[in-house]
Amino acid sequence: SGVAYVAHVGGLTSGALLAVLNLKVLGKVDKEVFAEDPKERMSALQQEAFRLMEDLDMNGARHVLKQVLEMDPANRSALIRLYQIEKLNPESPSFHETAAKLLSHLSSGKEGHEELYKAYKEYVQISRNPRISLHLLFRISAVFTASGHLEESERIMAFVLKRAPKSGKLPSGLLQLARSYLEKGMAEKGRQCLRVISKKFPESAESRLAEGLLKSSVKR
């Protein structure tokens, strides 16, 4: 009782007529009104992936996580979860591919260096034949050197020296490592790296710097 039915019907009719005129004359439809928010979509997909993992449906979770990564390739949470799934089958190409994407992501920013160290160590231990590009190896090594994981950086340099001894990035990587060793008071370790530069890359600019550092470190 007391409801103005005529006013309601009139408003509804007027709105419908305006909508028809808009479509016929202007031809405009605001599609954004009906579009789903990408962030909400990603959040829902991640929740679904977590639920599937809890239910041990790894294939289903993998499919959903890949959808998330198609929307946001740098989604750290999705990368970590997908890596956790793929490492269950370390012989598969997708395990190495996902590991490389995760390591690349963790090495690209200022944060996540400890996560990078743990993920890299785990990947190397699990994988019988690590498949990481030289470019990514040098980037990981640089992060390890800067964050104080010098021995792991040295192992990477030794690996590259064995597999790709003519790589143009080796002298700069070794020089950076040598300087970090010297700064931390590990003079002999630093001198070993400097000697390698002088011996293996005598024509490089880094070789001249290495010789100077060698002389100054001996005087000390």
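Analyst: Let's start with burial: a residue is buried under 20% relative accessible area, exposed over 50%, and partly exposed in between (1.4 Å probe, protein chains only). The model you're looking at is predicted, so local features need pLDDT of at least 70 and side-chain atom pairs count only at pLDDT 80 or more, while totals for chains, interfaces and linings use all residues. Residues are numbered from 1 along each chain as its sequence is written, and side-chain values use heavy atoms, with hydrogens and water left out.

User: Okay, try that on Leu-56. Is Leu-56 buried or exposed?

Analyst: Leu-56 is exposed, because its relative accessible area is 66%. You'll find Leu-56 in the loop between α2 (38–54) and α3 (58–71). Its backbone is worth a look too: phi is positive, about 65°, although Leu-56 is not a glycine.

User: And zooming out, how many helices and strands does the chain have?

Analyst: Helices (H or I, at least four residues) and strands (E, at least two) are DSSP runs, numbered from the N terminus. Here the chain has 11 helices and 0 strands. Of its 220 residues, 34% count as buried.

User: Pick one helix for me. How far does α5 reach from its first C-alpha to its last?

Analyst: The expected span is 1.5 Å times one less than the number of residues. Helix α5 (residues 93–108) has 16 residues and reaches 23 Å, close to the expected 22 Å.

User: What do the buried residues of α5 pack against?

Analyst: They pack against α4 (76–86), α6 (113–126) and α7 (134–147). Among the buried residues of α5 are Phe-95, His-96, Leu-102 and Ser-107.

User: Let's stay with Ser-107, then. Which residues does Ser-107 touch?

Analyst: Contact means heavy atoms within 4.5 Å. Leaving out residues up to four places away in sequence, Ser-107 touches Leu-116, Leu-136, Arg-139, Ile-140 and Val-143. Ser-107 is buried because its relative accessible area is 6%. The Ser-107 side chain also reaches back to the backbone oxygen of Ser-104, at 3.1 Å.

User: Now the rings. How many aromatic pairs are there?

Analyst: Rings of Phe, Tyr and Trp (its six-membered ring) pair if their centres lie within 6.5 Å; planes under 30 degrees apart are stacked, over 60 edge-to-face, the rest tilted. By this rule there are 4 aromatic pairs. One of them is Phe-95 with Tyr-123, a tilted pair at 5.4 Å centre to centre with 45° between the planes. Phe-95 lies in helix α5 and Tyr-123 in helix α6, so this pair ties together parts 28 residues apart in sequence. Phe-95 and Tyr-123 are both buried.

User: What kind of pair do Tyr-117 and Phe-144 form?

Analyst: Tyr-117 and Phe-144 are edge-to-face, 5.6 Å centre to centre and 75° between the planes. Tyr-117 sits in helix α6 and Phe-144 in helix α7, so the pair joins parts 27 residues apart in sequence. Their burial is worth checking one by one: Phe-144 is buried, with a relative accessible area of 0%, while Tyr-117 counts as partly exposed at 23%.

User: Which residues do ring pairs link into a cluster?

Analyst: That cluster is made of Tyr-83, Phe-95 and Tyr-123. So if you click on Phe-95 in the viewer, you have a ring in helix α5 that pairs with one in helix α6.

Key:
Polar contact = N/O pair within 3.5 Å; in protein donor to acceptor, adjacent residues only side chain to side chain.
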